[in-house]
Amino acid sequence: GPCTECSCSSGRETDKDTSNTKKKENGDRAFIPKIFFGTRTHKQISQITRELKRTAYSSVPMTILSSRDHTCIHPVVSSSGSNRNEMCVELLEAKHGKSCLYYHGVHKLSEHHALQSAHRMYQAWDIEDLVSLGKKLRACAYFAARELMVGADIVFCPYNYLLDPQIRESMEINLKGQVVILDEAHNIEDCARESVSYGVTESQLKAAREELDFMVNNNIRQKDHKPLRAVCCSLT
């Protein structure tokens, strides 16, 4: 049956203060925290959204944050190998005189979902549904998912979107005051280690050492470059 502890059971706001509405921002506007639901794989997100469809909260505004590998629909970029991020940025900056047609259609996709949500016409969706609709509307699913985050009550994403500070910054994710749920949290330690780890090859170390040698020998910020050279030497 409907829950009785919050205003959603009656479809209107109650006069009772709850933990959700005690915080205020921008004057009289109530601060309602988002739910960030982190999983290990995109397949698990698909399973969770499928279960969400079966609940009374299926029409709650939501979004799924994912990489360009899963959401890019540009025919050239999506068919490329490992440099999709770089190619996308080049198109956005129109470096070669061409911009991304799909990026300029983002509003068609985000407004489509926002409108359906406002009229409670849709059910929870998966990233494949968003990509399919993006192809139909010729609109970028990657940036549409990011725009939908603004009005979403629940945001699904892989662990590293919540744990990696660089990804959080690039995706404009602010976790302060929000609700964070981590599925299968025993995997968090490995994911956290990966987020602050970096792999280099021996040839990269040698190249770095040669550049640092040049800097030191030419009296360029020796105080900074000598310790770095020492690290490269010890690792090689």
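**Close-up views of a predicted model**

**View A. The second largest pocket draws the largest share of its lining, 3 residues, from H10.** Please keep in mind, here and in the views that follow, that this is a predicted model. The second largest pocket holds about 520 Å³ of space. Its lining is made up of 24 residues, and those nearest the centre are Ser67, Pro158, Asn160, Tyr161 and Ile167. Several helices help to build this lining: helix H2 (68-71), helix H4 (84-92), H7, helix H8 (160-163), helix H9 (165-170) and helix H10 (188-195) each contribute at least two residues. Sorted by class, the lining residues of the second largest pocket are 10 polar, 7 nonpolar and 7 charged.

**View B. The largest cavity has a volume of about 100 Å³.** Looking through the whole structure for cavities of 30 Å³ or more turns up 1. H4 and H7 are the elements that provide two or more residues of the lining of the largest cavity. The lining consists of Arg68, Cys72, Ile73, His74, Val77, Cys88, Leu91, Cys100, Tyr102, Cys140, Tyr142 and Phe143. By class, 10 of the lining residues of this cavity are nonpolar, 1 is polar and 1 is charged. If you are wondering how such spaces come to light, rolling a probe the size of a water molecule over the atoms shows where empty space is left.

**View C. Helix H7 (residues 141-148) gives 6 residues to the largest nonpolar core.** Here you can follow H7 into the interior: 7 of its 8 residues are buried, so H7 is largely enclosed by the rest of the structure. The buried residues of H7 are Ala141, Tyr142, Phe143, Ala144, Ala145, Arg146 and Leu148. The largest nonpolar core contains 42 residues, and Met62, Leu65 and Phe156 have the most contacts inside it. Among the elements of the structure, H7 gives the most to this core. Tyr142 and Phe143, two of the buried residues of H7, also belong to the lining of the largest cavity.

**View D. Four strands lie side by side in an open sheet, in the order E4-E5-E3-E6.** The pairing in this sheet is parallel. E4 and strand E6 (179-182) are the edge strands, each with a single partner strand, so one side of each is left without a neighbour in the sheet. From one strand to the next, the twist averages 15 degrees.

**View E. Strand E3 (residues 35-39) pairs in the parallel sense with E6 over 4 bridges.** On this side of E3, Phe37 has Ile181 of E6 as its bridge partner. The pairing of E3 with strand E5 (residues 154-158) is also parallel, and 5 bridges join the two strands. Two places to look for in that pairing are Ile35, whose bridge partner in E5 is Ile154, and Gly38, which stands opposite Cys157 of E5. E3 is mostly covered, as 4 of its 5 residues are buried.

**View F. Strand E5 is largely enclosed by the rest of the structure, because 5 of its 5 residues are buried.** Which residues of E5 point one way, and which the other? Ile154, Phe156 and Pro158 point one way, while Val155 and Cys157 point the other way. Towards E4, the pairing of E5 is parallel and has 3 bridges. Within it, Ile64 stands opposite Phe156 of E5. Phe156 may be worth a second look: it is one of the residues with the most contacts inside the largest nonpolar core. Pro158 of E5 links this view back to View A, as it is among the residues nearest the centre of the second largest pocket.

**View G. Tyr57 sits in the loop between helix H1 (42-52) and strand E4 (62-64).** Is Tyr57 buried, exposed or partly exposed? Its relative accessible area is 42%, and since partly exposed residues fall between under 20% (buried) and over 50% (exposed), Tyr57 is partly exposed. In sequence, Tyr57 and Ala124 are 67 residues apart; in space, their C-alpha atoms are 8.4 Å apart.

Notes. Residues are numbered from 1 along each chain as its sequence is written. This is a predicted model: local features need pLDDT of at least 70, side-chain atom pairs count only at pLDDT 80 or more; totals for chains, interfaces and linings use all residues. Side-chain values use heavy atoms; hydrogens and water are left out. A nonpolar core is a set of buried Ala, Val, Leu, Ile, Met, Phe, Trp, Tyr and Cys residues joined through side-chain atoms within 4.5 Å. Buried means under 20% relative accessible area, exposed over 50%, partly exposed in between (1.4 Å probe, protein chains only). On a 1 Å grid over the protein atoms alone, a cavity is a set of points where a 1.4 Å probe fits but cannot get out, and a pocket is an open set with protein on both sides within 12 Å along at least five of seven lines; lining residues have an atom within 4 Å of a point. Grid points are joined across faces, edges and corners, and a volume is the space filled by probe spheres set on the points. Ala, Val, Leu, Ile, Met, Phe, Trp, Tyr, Cys and Pro count as nonpolar, Asp, Glu, Lys and Arg as charged, and the others, Gly among them, as polar. Two strands pair if DSSP finds at least two bridges between them. Axes are lines fitted to C-alpha atoms, for helices over the stretch in contact, and angles run from 0 to 180 degrees between N-to-C directions.
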